[in-house]
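Okay, thanks everyone for coming. I'll put the structure up on the screen and then walk through a few spots in it.

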Amino acid sequence: MSRTDEVVDGIRRMILDGRLRPGDRLPVEKDLADELQVSRGSLREGVRALSILGVLHTRQGDGTYVTSLDPGRLLSPMALVLDLQDEGAMPAFHSVRRVLETEAAGLAATRMTDEALAEARAVLDQVAEVRVGTEVDHDRFIEVDIAFHRVIAAHSGNPVLEALIESFAGRTLRARLWRVLHAEGIEARTHGEHEAIWRALAARDPEAARIRMAAHLLGVEDWLPKPENLDDDA
């Protein structure tokens, strides 16, 4: 184990033991380095690594603090890991996305408030602005698509599930755009599927919500392009 790893492990243990809690300030550099039996340089490297991971946050001139440690912050680096994967892994990413979002829809059906349902309804109503006659603002349509799925995840009542779905959102964006550009009439189909999902949510029917979401995302997977097609389209 490197000295940097020792710092990361030492601070992790301090958090797990309750010696450091969310929002707490770390001890001064000299004292913490002495306690962990590392040099100040190693301590700084470890603190930097934990800052990248969302565990610590340094305030200029004020010291270093433990973050809120909420799942969204801690899982955000996963988005970078996903982005670095080969395009050939796209089907695997989408199948995991389907599992996550299908469960989120089922949970949201029993937990969404009337206000949350109204929020989702307002998002869907924006499609009328995106589709003007035969012209479609594809980028805006994708934004509405993502926003609708995000509202559902946000009201699943599971912050870890929500954070994971958010991590996958960026990684699947290119395939979503490819589908919109190449599948004739896909905007109307997608909007209709979203409407069916919303109706299941409004009916507070978790099983119907799961089925509608799964069917929608299976349709997306059917249109996944092959890596060579994505390269040609870039």
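So, Ser42: buried or exposed? This one is buried, because its relative accessibility is 14%, and the cut-off for buried is under 20%. Keep in mind, by the way, that what you're looking at is a predicted model. Ser42 sits in helix α3, which covers residues 40-52. And what does Ser42 touch, once you ignore residues up to four places away in sequence? That would be Arg3, Thr4 and Val7.

While we're in that part of the chain, have a look at Gln37, in the loop between α2 (29-36) and α3. Gln37 isn't a glycine, and yet it has a positive phi of about 60°. It counts as exposed, because its relative accessibility is 65%.

There's another residue with that sort of backbone angle. Arg204, also a residue other than glycine, has a positive phi near 60°. You'll find Arg204 in the loop between α12 and α13. Arg204 counts as partly exposed, with a relative accessibility of 34%.

Let me zoom out for a second. The chain has 234 residues, and buried ones make up 40% of them. In terms of secondary structure, there are 14 helices and four strands. If you take contacts between residues at least 6 apart in sequence, 73% of those join residues at least 24 apart.

Now for a strand residue. Thr64 is in strand β2, residues 63-66. It has 15% relative accessibility, so it counts as buried. Which side chain does Thr64 pair with in a polar contact? The partner is Thr58, with the two side chains joined at 3.0 Å. Thr58 also turns up in the list of residues that Thr64 touches beyond four places in sequence. The others on that list are Asp24, Arg25, Leu26, Val47, Leu56 and His57.

On to helix packing. For any pair of packed helices, the description is the angle between the axes plus the distance between them. Let's start with α9, residues 138-154, and α12, residues 186-202. Their axes come within 12 Å and cross at roughly 20°. The angle is under 35 degrees, so α9 and α12 are roughly parallel. The crossing is left-handed. From α9, the contact uses His138, Phe141, Asp145, Phe148, His149 and Ile152. From α12, it uses Glu187, Thr190, His194, Ile197, Trp198 and Leu201. Sorted by class, that contact has six nonpolar, four polar and two charged residues.

Then α12 has a second partner to show you, α13, which is residues 206-222. Here the axes are 8 Å apart and the angle is about 165°. That angle is over 145, so α12 and α13 are roughly antiparallel. This crossing is left-handed. On the α12 side, the contact is made by Arg189, Thr190, Glu193, His194, Ala196, Ile197, Ala200 and Leu201. On the α13 side, you have Ala208, Ala209, Arg212, Met213, His216 and Gly219. By class, that's seven nonpolar, four polar and three charged residues.

Let's stay with Met213 in α13 for a moment. How accessible is Met213? The relative accessibility is 0%, so Met213 counts as buried. Leaving aside neighbours within four places in sequence, Met213 is in contact with Glu101, Thr102, Ala105, His149, Ile152 and Ile197. Some of those should sound familiar: His149 and Ile152 are among the α9 residues that contact α12, and Ile197 of α12 is part of the contact with α13. There's a long-range pair here too. Met213 and Glu103 are 110 residues apart in sequence, but C-alpha to C-alpha they are 8.8 Å apart in space.

Last stop is Thr110, in helix α6, residues 90-111. At 52% relative accessibility, Thr110 counts as exposed, because the cut-off there is over 50%. What does the side chain of Thr110 reach at 3.0 Å? It reaches the backbone oxygen of Leu107. Thr110 also gives us another long-range pair, with Ala202: they are 92 residues apart in sequence and 9.3 Å apart in space, C-alpha to C-alpha.

Okay, that's my tour. Happy to rotate the view if anyone wants another look.

Key:
Residues are numbered from 1 along each chain as its sequence is written. This is a predicted model: local features need pLDDT of at least 70, side-chain atom pairs count only at pLDDT 80 or more; totals for chains, interfaces and linings use all residues. Side-chain values use heavy atoms; hydrogens and water are left out. Helices (H or I, at least four residues) and strands (E, at least two) are DSSP runs, numbered from the N terminus. Buried means under 20% relative accessible area, exposed over 50%, partly exposed in between (1.4 Å probe, protein chains only). Contact means heavy atoms within 4.5 Å. Axes are lines fitted to C-alpha atoms, for helices over the stretch in contact, and angles run from 0 to 180 degrees between N-to-C directions. Angles under 35 degrees count as roughly parallel, over 145 as roughly antiparallel, 65 to 115 as roughly perpendicular and the rest as oblique. A crossing is left-handed if the near helix is turned anticlockwise from the far one by less than a right angle, and right-handed if clockwise. Ala, Val, Leu, Ile, Met, Phe, Trp, Tyr, Cys and Pro count as nonpolar, Asp, Glu, Lys and Arg as charged, and the others, Gly among them, as polar. A polar contact is a pair of N or O atoms within 3.5 Å; within protein, one must be able to donate a hydrogen and the other to accept it, and residues adjacent in sequence count only if both atoms are side-chain atoms.
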